[in-house]
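Me: Could you take me through one part of this model in close detail? I'd like to see how a helix and the sheet beside it fit together.

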Amino acid sequence: MPLSPRDLAACLLDAGAVRLQPLDPFTWASGLKAPIYCDNRQLLGFPEARGLIVEALVARTASFAPTLIAGAATAGVPWAAMVADRMGLPMAYVRPTPKNHGMGRQVEGPLAKGHRAVLIEDLISTGMSSLKCADALRAEGAELPAVLALFSYGLPQAEKAFTAARIAFEVLGSFQVLAEEAERRGILDAAGLTALKDWRTDTVAWSRARGGA
Ligand SMILES: O=P(O)(O)OC[C@H]1O[C@H](OP(=O)(O)OP(=O)(O)O)[C@H](O)[C@@H]1O
Ligand SMILES: O=C(O)c1cc(=O)[nH]c(=O)[nH]1
């Protein structure tokens, strides 16, 4: 059976990957402050869950008929490596910025030019990191039909950014289902639920009120 968003939420909660700290917010890569942090990297320590996730990524990836699998550094790289290995395809990885010594490359591995690439990312918040990698792949001459990620918060700024960049993105799991599963398991108490609800009402205002971007 394919991995559902609820299965992914279960994997994340079982792995202890989800942390809630409304009173001591996390700073995200974008500079936003948030009450939640989803550390997908924890999934790497669970071979069974990891295998199911890779299988789901392979199925989605295959539908785009890529000739190259690219990983967004750093957290997307292990997933891209496992997918590329299962599919018997070349793999590259993309740094957030070009390396400032050595070969000075942003896309590392085979030249992306002429390839039809799928970019694999672990998580999408604002989409900024994935889209920087997407730009680099396109600048090197790759066609990029899609970005695939394990999880997305479903923030409107991400939707807008991907639409503007004309790149499809697909995810295995969402914040909404994760929050539902956490509530079902009794992990989210009333205070946690209220904090997440307040945050979701306006994530940017919530962040600014706490000194974030
Ligand atoms: O959609 P965004 O707003 O860009 O946020 C998501 C990005 O943030 C995290 O990466 P981080 O920069 O923490 O680095 P890492 O991948 O090296 O852990 C995550 O792995 C995504 O790449
Ligand atoms: O936006 C981020 O930086 C971010 C959020 C999150 O929940 N997990 C993560 O790894 N990064």
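Reply: Happy to! Let's begin just past the end of helix 3, where Gly 88 takes a positive phi of about 65°. Please keep in mind that this is a predicted model.

Now step back into the helix itself. Helix 3 covers residues 77-87 and packs on the sheet, where it touches strand 5 (68-72), strand 6, strand 8 (116-124) and strand 9 (143-152). The direction of helix 3 makes about 165° with that of strand 5. Four of its residues to look for are Trp 79, Ala 80, Val 83 and Ala 84, which are buried. Viewed down the helix axis, the buried residues fall within an arc of 130°, so they line one face of helix 3. The cover over these buried residues includes strand 5, strand 6, strand 8 and strand 9, and also helix 2 (47-62).

Next, the sheet. It is open, with 6 strands in the order 7-6-5-8-9-10 and mixed pairing. Strand 7 (107-108) and strand 10 (168-174) are at the edges with a single partner strand each, so one side of each has no neighbour in the sheet. For strand 7, pairing with strand 6 (residues 91-94) is antiparallel, over 2 bridges. Here you can find Tyr 93 opposite Glu 108 of strand 7.

Towards the other edge, look for helix 5 (residues 156-165), which lies across strand 8, strand 9 and strand 10. Helix 5 runs at about 155° to strand 10.

Notes:
Residues numbered from 1 in each chain as written. Chains lettered and ligands numbered in written order. Predicted model: local features only at pLDDT ≥ 70, side-chain atom pairs only at ≥ 80, totals over all residues. Heavy atoms only, no water. Pairing = 2+ DSSP bridges. Contact = heavy atoms within 4.5 Å. Axes fitted to C-alpha atoms, helices over the stretch in contact; angles between N-to-C directions. Buried < 20%, exposed > 50% of the residue type's maximum accessible area, 1.4 Å probe, protein only. Arc of directions from axis to C-beta.
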